[in-house]
Amino acid sequence: MEEFHKTRRLPPYVFEQVNKLKAAARAQGADIIDLGMGNPDLPTPPHIVEKLTEVVQDPRTHRYSASKGITGLRKAQAAYYERRFGVKLNPNTQVVATLGSKEGFANMAQAITAPGDVVLSPNPSYPIHTFGFLMAGAAIRAIPAEPGPEVFHALERAVIHSVPKPIAVIMCYPANPTAYVADLEFYKDVVAFARKHDIFILSDLAYSEIYFGDTPPPSMLQVPGAIEVTAEFTSLSKTFSMPGWRVGFAVGNERLLAALARVKSYLDYGAFTPIQVAATAALNGPDDCIVEMRNTYKRRRDVLVESFGRAGWNIPAPEASMFAWAPIPEKFRALGSLEFSKLLLEKAEIAVAPGIGFGEYGDDYVRIGLVENEKRLRQAARNLRRFLETADETLHNVVPVSAAR
Ligand SMILES: Cc1ncc(COP(=O)(O)O)c(C=O)c1O
């Protein structure tokens with residue numbers, strides 16, 4: 001059947017292939033340890049759930065809600081930015097609540113992109129960074145995901161060689177899938193570049209609260225003048241373990257946010273009011289639940305890195321996010337990330353996300369999510385040890401490496 005114009009631009013979802021294998025293995029009774037998804041497994045804190053169940057009793061909350069978010073929610077987000085980053089925002093003009101930050105990105109792409117506009121996006125990166133804009137008609141040009149001088153070389157080249165000139169650059173730190181983090185000095189240079197060339201910055205700060213060192217990840221908006229060119233997205237999905245609730249935010253530049261709010265007003269009526277009220281309670285509430293979740297992810301990270309390391313797979317310890325970005329063990333590297341992920345699933349009963357699913361420059365890596373408990377991670381390490389011990393035999397039996405790529 002002939003594909004539609006938009007769907008033709010969406011390659012088959014790589015993760016689907018691993019998911020299918022995972023489902024088939026489970027149907028056969030295999031105990032798959034699923035580290036493949038970025039889907040938080042911890043429950044939403046009880047005080048937030050209680051607020052939802054209380055508010056939903058009031059029939060007035062059952063009507064259509066406010067597309068850009070109820071006033072209290074936008075004020076709570078502005079208060080979070082002031083408390084956490086020292087950034088003052090006008091909740092009426094510089095804050096929009098979105099139905100999750102993924103949808104927020106997609107809606108922003110619809111709002112600001114003309115067909116053929118060039119958008120700069122990290123590779124590898126979270127797929128909506130690229131496909132949100134592709135679906136909106138943009139042409140994507142890749143920049144390195146790792147913050148450093150190479151990013152600026154790529155940005156300079158993009159400005160010289162892209163016709164038309166890029167309209168926006170996407171930044172995501174702490175990064176999915178790579179777990180790279182950026183500091184304020186890097187952001188200062190990004191903002192200076194964007195202002196000089198009149199390019200918007202779309203910053204994805206979904207992992208603002210999932211960090212393991214002493215320095216919390218900064219906001220792009222902490223850079224003086226950033227608001228002239230920047231919209232930044234945050235999410236309650238990871239911070240409060242609310243992925244299914246679909247609450248996120250865009251904040252920052254008024255022109256960008258007005259465009260987003262306008263497009264959204266045509267597309268949605270906002271999240272269900274009780275969800276918005278509960279989200280307000282989350283943002284205004286105690287932050288010990290955030291600290292607790294952060295500590296849980298940190299313990300899992302330590303167990304993962306230590307136990308996988310002892311099993312023979314050295315994985316750099318991520319400083320933030322809920323992922324480890326693991327170089328494929330040397331012996332298996334030539335297989336590429338999809339074949340390696342399939343092998344790991346079949347032989348070690350561990351599901352991971354193949355790096356290629358996040359962009360071609362991710363193919364030497366797999367992403368491991370910290371989404372199973374410590375006991376299960378240790379079990380994964382035991383499976384892994386057996387898998388690595390029989391690596392030569394396994395490799396002997398798989399398709400010749402040259403054919404696998
Ligand atoms: C970098 C990044 N941005 C955005 C999202 C989506 O979050 P939300 O649930 O707010 O749509 C994710 C989810 O995995 C993510 O990793």
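**Ligand contacts and aromatic pairs in a predicted model**

A polar side-chain atom of aspartate 204 sits 2.6 Å from a nitrogen atom of the ligand. The model is predicted. Two further polar contacts involve ligand oxygen atoms. In one, a polar side-chain atom of arginine 246 is 2.7 Å from an oxygen atom of the ligand. In the other, a polar backbone atom of lysine 102 lies 2.8 Å from a ligand oxygen. The ligand exposes 400 Å² when taken alone, and the protein buries 94% of that area. Around the ligand there are 14 residues. Those that come nearest are Asp204, Tyr207, Ser235, Ser237 and Lys238. Aspartate 204 thus appears both in this nearest group and in the contact to the ligand nitrogen.

The UniProt record, an unreviewed entry, places the feature "domain: Aminotransferase class I/classII large" at residues 31-382. Over this stretch the chain is 42% helix and 15% strand. The C-alpha atoms at its two ends are 13 Å apart.

Aromatic pairs were searched for across the whole structure, and 19 were found. One of them joins phenylalanine 186 and tyrosine 187, with ring centres 6.4 Å apart and planes at 45°. The pair counts as tilted because this angle is neither under 30 degrees nor over 60. Both residues are buried: phenylalanine 186 has a relative accessible area of 8%, and tyrosine 187 has one of 1%.

Tryptophan 325 and tyrosine 365 form a stacked pair, with 4.8 Å between centres and 5° between planes. This pair links distant parts of the chain, 40 residues apart. Tryptophan 325 belongs to strand E9 (residues 323-327), while tyrosine 365 belongs to strand E12 (residues 365-369). The two partners fall into separate accessibility classes. Tryptophan 325 has a relative accessible area of 6%, so this residue is buried. Tyrosine 365 stands at 26%; the cut-off for buried is under 20% and that for exposed is over 50%, so tyrosine 365 is partly exposed. Both rings also belong to a cluster linked by ring pairs, made up of Tyr13, Phe15, Trp325, Phe358 and Tyr365.

Threonine 273 lies in helix H10, which spans residues 273-284. Its relative accessibility is 14%, so threonine 273 counts as buried. Leaving aside residues up to four places away in sequence, threonine 273 touches Thr61, Arg63 and Ser65.

Methods: Residues are numbered from 1 along each chain as its sequence is written. This is a predicted model: local features need pLDDT of at least 70, side-chain atom pairs count only at pLDDT 80 or more; totals for chains, interfaces and linings use all residues. Side-chain values use heavy atoms; hydrogens and water are left out. UniProt positions are given in the numbering used here, feature names are shortened, and annotations may be inferred rather than shown by experiment. Helices (H or I, at least four residues) and strands (E, at least two) are DSSP runs, numbered from the N terminus. Rings of Phe, Tyr and Trp (its six-membered ring) pair if their centres lie within 6.5 Å; planes under 30 degrees apart count as stacked, over 60 as edge-to-face and the rest as tilted. Buried means under 20% relative accessible area, exposed over 50%, partly exposed in between (1.4 Å probe, protein chains only). Contact means heavy atoms within 4.5 Å. A residue is near a molecule or strand if one of its heavy atoms lies within 4 Å of it. A polar contact is a pair of N or O atoms within 3.5 Å; within protein, one must be able to donate a hydrogen and the other to accept it, and residues adjacent in sequence count only if both atoms are side-chain atoms. Accessible areas come from the Shrake-Rupley method with a 1.4 Å probe; for residues, only the protein chains shown count as cover.
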